[in-house]
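Here's a quick walk through this model, written for someone who likes cut-offs spelled out. Have a look at the structure, then read on.

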Amino acid sequence: MTILIEQPQLESQAEDQKFSSETNELVLDGGFVMPKTVSNNGLVAEELVSSNEFMAPEINSFGRSFRDYDAESERQKSVEEFYRLQHINQTYDFVKRMREEYGKLNRVEMSIWECCELLNEVVDESDPDLDEPQIMHLLQSAEAIRKDYPDEDWLHLTALIHDLGKVLLLPSFGGLPQWAVVGDTFPLGCAFDEGNVHHKYFKENPDYNNPAYNTKYGIYSEGCGLDNVMISWGHDDYMYLVAKENRTTLPPAALFIIRYHSFYPFHTVGAYKHLMNEEDAKNLKWLKIFNKYDLYSKSKEMIDVEKVKPYYLSLIDKYFPAKLRW
Ligand SMILES: O[C@H]1[C@H](O)[C@@H](O)[C@H](O)[C@@H](O)[C@H]1O
Ligand SMILES: [Fe+2]
Ligand SMILES: [Fe+2]
């Protein structure tokens with residue numbers, strides 16, 4: 001259900017990600033215009049920014065600014081409780097076990113589209129902005145990015161599938177608790193950065209007092225690459241595994257987006273940058289572009305599923321096998 005609250009237009013709080021009204025360019029990192037980036041397809045990311053670019057709204061479906069984790073409301077209280085549990089329970093050992101277990105991909109066989117439909121049964125308790133079924137969110141973000149990047153079909157499909165890993169909440173996928181599926185992600189094996197939302201709850205995480213894990217680098221080294229970092233378990237890493245193991249032909253930037261789209265402390269706050277390598281830095285440009293559509297396309301504007309379905313089926317056919325192991 002959509003609740004409309006009359007509110008004055010708020011100043012955007014996403015200071016680090018907005019559009020320059022004069023140049024119509026994507027401005028990242030607080031006024032820093034994105035440098036020309038060669039994509040995996042040999043395309044230059046900056047040149048792809050079209051003139052009728054999607055404008056990020058300033059308020060969400062609840063009449064509040066996006067990703068406001070401190071507002072006083074019932075929704076925010078349950079989101080905070082979600083993060084308390086997530087921060088206490090996601091440990092290095094837990095993530096290691098989950099990766100091993102789900103890496104087997106021995107639970108279900110189905111197509112990408114079947115999974116999109118399954119996702120309608122899923123509710124994400126960590127999200128302070130979404131007020132629509134998950135499939136609507138997938139289509140809204142995919143259609144918004146398609147409008148601005150019409151030739152990057154891999155980006156359209158990436159948006160469509162980026163949250164499919166949330167099926168982990170369903171009984172046939174192990175029925176994992178919310179804290180093991182959704183919410184922002186963060187590395188384990190090194191200190192929890194203050195840039196994580198509701199950071200205070202990490203104090204009750206067993207890893208917090210483990211001297212092997214609680215220094216800036218912990219078990220890692222400068223520039224080791226995100227590939228070598230253990231990130232909290234959830235829908236990102238699971239969908240990355242599914243796509244990779246089923247031999248998708250999507251480019252590396254797509255897999256990077258899927259795997260790290262919830263890693264807000266990294267892509268939006270700028271934390272943990274000392275762990276990334278050159279490859280990560282290149283892919284980060286695409287992730288930042290994607291993030292705008294993931295976050296700000298959550299709206300009341302409904303997409304006609306049947307109308308767009310043939311297009312997405314053709315993309316699925318291009319980049320994935322007919323049936324995947326999950
Ligand atoms: O609440 C949201 C939601 O779960 C998204 O799917 C995830 O990608 C975000 O990082 C998270 O904050
Ligand atoms: Fe997500
Ligand atoms: Fe999403």
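Asp163 has a relative accessibility of 3%, so it counts as buried (under 20% relative accessible area is buried, over 50% exposed, and in between partly exposed, with a 1.4 Å probe and protein chains only). Before going further, the ground rules: this is a predicted model, where local features need pLDDT of at least 70 and side-chain atom pairs count only at pLDDT 80 or more, while totals for chains, interfaces and linings use all residues. Residues are numbered from 1 along each chain as its sequence is written, chains are lettered from A and ligands numbered from 1 in the order in which they are written, and side-chain values use heavy atoms, with hydrogens and water left out.

**The metal site**

Asp163 is one of the protein donors of the iron ion (ligand 2): Asp163 (OD), His235 (NE2) and His261 (NE2) lie 2.0 to 2.2 Å from the ion. Donors here are N, O and S atoms within 2.8 Å of the metal (3.2 Å for Na, K and Ca), and water is not among the atoms, so sites may look incomplete. Along the sequence, the donor residues of this iron ion (ligand 2) follow the spacing D-x71-H-x25-H. Asp163 also coordinates the iron ion (ligand 3), and the two ions, ligand 2 and ligand 3, are 3.8 Å apart. Asp163 sits in the loop between helix 5 and strand 5, and His235 in helix 6, so this pair ties together parts that are 72 residues apart in sequence. Like other elements here, these are DSSP runs numbered from the N terminus: helices are H or I with at least four residues, strands are E with at least two. His235 is buried too, with a relative accessible area of 3%.

**Helix 5 and the overall picture**

How many residues of helix 5 are buried? Nine of the nine, so helix 5 is largely enclosed by the rest of the structure. Among them are Trp154, His156 and Ile161. The cover over these buried residues includes helix 3 (112-118), helix 4, helix 6, helix 7, helix 9 (278-296) and helix 10.

For the protein as a whole, there are ten helices and seven strands, and 57% of the 326 residues are buried. If you take contacts (heavy atoms within 4.5 Å) between residues at least 6 apart in sequence, 77% join residues at least 24 apart.

**Two helices crossing**

Helix 4 (residues 134-148) and helix 10 (residues 305-319) pack at about 65 degrees, with axes 12 Å apart. The axes are lines fitted to C-alpha atoms, for helices over the stretch in contact, and the angles run from 0 to 180 degrees between N-to-C directions. On the helix 4 side the contact uses Met136, Leu139, Ala142, Glu143 and Arg146, and on the helix 10 side Val305, Val308, Tyr311 and Tyr312.

**Salt bridges**

Side chains of opposite charge can pair when their charged atoms come close. The rule used here is a side-chain nitrogen of Lys or Arg within 4 Å of a carboxyl oxygen of Asp or Glu, and by that rule the count comes to 17 salt bridges. Here are three of them.

| Pair | Closest N to O |
|---|---|
| Arg67 and Asp184 | 2.5 Å |
| Glu81 and Arg84 | 2.9 Å |
| Arg259 and Asp237 | 2.9 Å |

Arg67 lies in the loop between strand 3 (32-33) and helix 1 (74-89), and Asp184 in the loop between helix 5 (153-161) and strand 5 (187-188), so their pairing ties together parts that are 117 residues apart in sequence. Both Arg67 and Asp184 are buried.

Glu81 and Arg84 are a local affair: both lie in helix 1, three residues apart, about one turn of the helix. Glu81 is partly exposed at 35% relative accessibility, and Arg84 is partly exposed at 27%.

Arg259 in helix 7 (residues 252-260) and Asp237 in helix 6 (residues 235-245) link distant parts of the chain, 22 residues apart. Arg259 is buried at 10% relative accessibility, as is Asp237 at 5%. Through shared partners, salt bridges join Arg99, Asp227, Asp237 and Arg259 into one network.
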